[in-house]
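Me: I have a model open and would like a close look at a single part of it, the pairing of two neighbouring helices. Could you walk me through that part and what surrounds it?

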Amino acid sequence: MSNEDAEALAIARRLIAEKKDSADGYQQSASKFAIYPQDKGLEYLSLGLASEAGEVAGKVKKIIRDKNGILSDEDKQALAAELGDVLWYVAMLAQDMGVKLSYVFNKNIDKLQVRMDNNTIGGSGDNR
Ligand SMILES: [Mg+2]
C-alpha cells in the first residue's frame with residue numbers, strides 16, 4: 001500500500017468513526033418510517049432498493065437524453081433526493097438483517113481497500 005493509499009484509508013476510517021453515531025442514528029431515525037409487512041421485510045426492502053436505484057438511473061437517462069448529460073442544480077437536488085430514497089432502503093434492509101449501517105460502511109471500505117491493495121479495483125467478481 002502506498003503512503004497516499006494508507007493516508008486515504010486512515011482518513012476514511014477516521015471519518016467513518018466520527019460519523020458512526022450519525023450513520024447509526026440515521027438508521028434509527030429512518031426506522032420510524034418503516035411501514036411495511038414485517039414478515040416480508042427482505043422481499044419488500046430489496047424490491048424497494050431496486051426500484052429507487054431505478055429511479056436514479058431513469059433521471060440520469062433523461063438528463064443524458066434531454067440535457068446532453070449536463071446536470072442543473074435542480075437535477076442535482078432531484079438526484080440527491082433519490083439517493084436519499086436509496087439510502088433509506090439500504091439502511092432498512094441492513095436493519096431488517098440486524099446489521100448496523102456503520103458496519104455496512106466499514107465493510108465496504110475494507111473491501112475496496114483490499115481490492116486497491118491487490119490492484120483489482122477494476123474488473124468484476126464479488127470476491128476479487
Ligand atoms: Mg424515489
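**A close look at α2 and α3**

Reply: Happy to. To set the scene, the protein chain has 4 helices and 0 strands, and from the N terminus on its elements run α-α-α-α. Please keep in mind that this is a predicted model. The C-alpha trace spans about 45 × 45 × 30 Å along its principal axes. Of the 128 residues in the chain, 7% are buried. Among contacts between residues at least 6 apart in sequence, 76% join residues at least 24 apart.

Now to the pair itself. Helix α2 covers residues 41–67, and helix α3 covers residues 73–96. With its 24 residues, α3 reaches 34 Å from its first C-alpha to its last, close to the 34 Å expected at 1.5 Å a residue. The axes of α2 and α3 come within 9 Å and cross at roughly 165 degrees. An angle over 145 degrees counts as roughly antiparallel, and α2 and α3 are therefore roughly antiparallel to each other. As for handedness, α2 passes α3 in a left-handed crossing. On the α2 side, the residues making the contact are G41, L42, L45, S46, G48, L49, E52, A53, E55, V56, K59 and I63. Their counterparts on α3 are D75, A78, L79, E82, L83, D85, V86, Y89, V90, M92, L93 and D96.

L45 is a good residue to zoom in on. Leaving aside residues up to four places away in sequence, L45 touches Y89, M92, L93 and D96. L45 also belongs to the largest nonpolar core, whose 7 residues are A23, L45, W88, Y89, A91, M92 and L101. The largest share of this core, 4 residues, comes from helix α3. Within α3, the buried residues include W88, Y89, A91 and M92. As a general point, nonpolar side chains tend to be buried together in soluble globular proteins.

For a contrast along α2, try A50, which sits in that helix. A50 counts as exposed because it has 11 C-beta neighbours inside 10 Å, and the cut-off for exposed is 12 or fewer. Across to α3, A50 and V86 are 8.3 Å apart in space, C-alpha to C-alpha, and 36 residues apart in sequence.

Next, follow the chain from one helix to the other. N68 lies in the loop between α2 and α3. Although N68 is not a glycine, it has a positive phi of about 55 degrees. Most residues other than glycine have a negative phi. N68 is exposed, because 7 other C-beta atoms lie within 10 Å. At the far end of the pair, just after α3, G98 takes a positive phi of about 80 degrees.

Beyond that comes helix α4, residues 101–117. Its 17 residues reach 24 Å from the first C-alpha to the last, close to the 24 Å expected at 1.5 Å a residue. L101, one of the core residues, falls within the range of α4. In the segment after α4 you will find N119, which is not a glycine and yet has a positive phi of about 60 degrees. N119 counts as exposed because it has 8 C-beta neighbours inside 10 Å.

Definitions and conventions: Residues numbered from 1 in each chain as written. Predicted model: local features only at pLDDT ≥ 70, side-chain atom pairs only at ≥ 80, totals over all residues. Core = buried A, V, L, I, M, F, W, Y, C linked by C-beta atoms within 7 Å. Buried ≥ 20, exposed ≤ 12 C-beta atoms within 10 Å, placed from the backbone. Helix = DSSP H or I, 4+ residues; strand = E, 2+ residues; numbered from the N terminus. Contact = placed C-beta atoms within 7 Å. Expected span 1.5 Å × (residues − 1). Axes fitted to C-alpha atoms, helices over the stretch in contact; angles between N-to-C directions. Parallel < 35°, antiparallel > 145°, perpendicular 65-115°, else oblique. Left-handed = near helix turned anticlockwise from the far one by under 90°.
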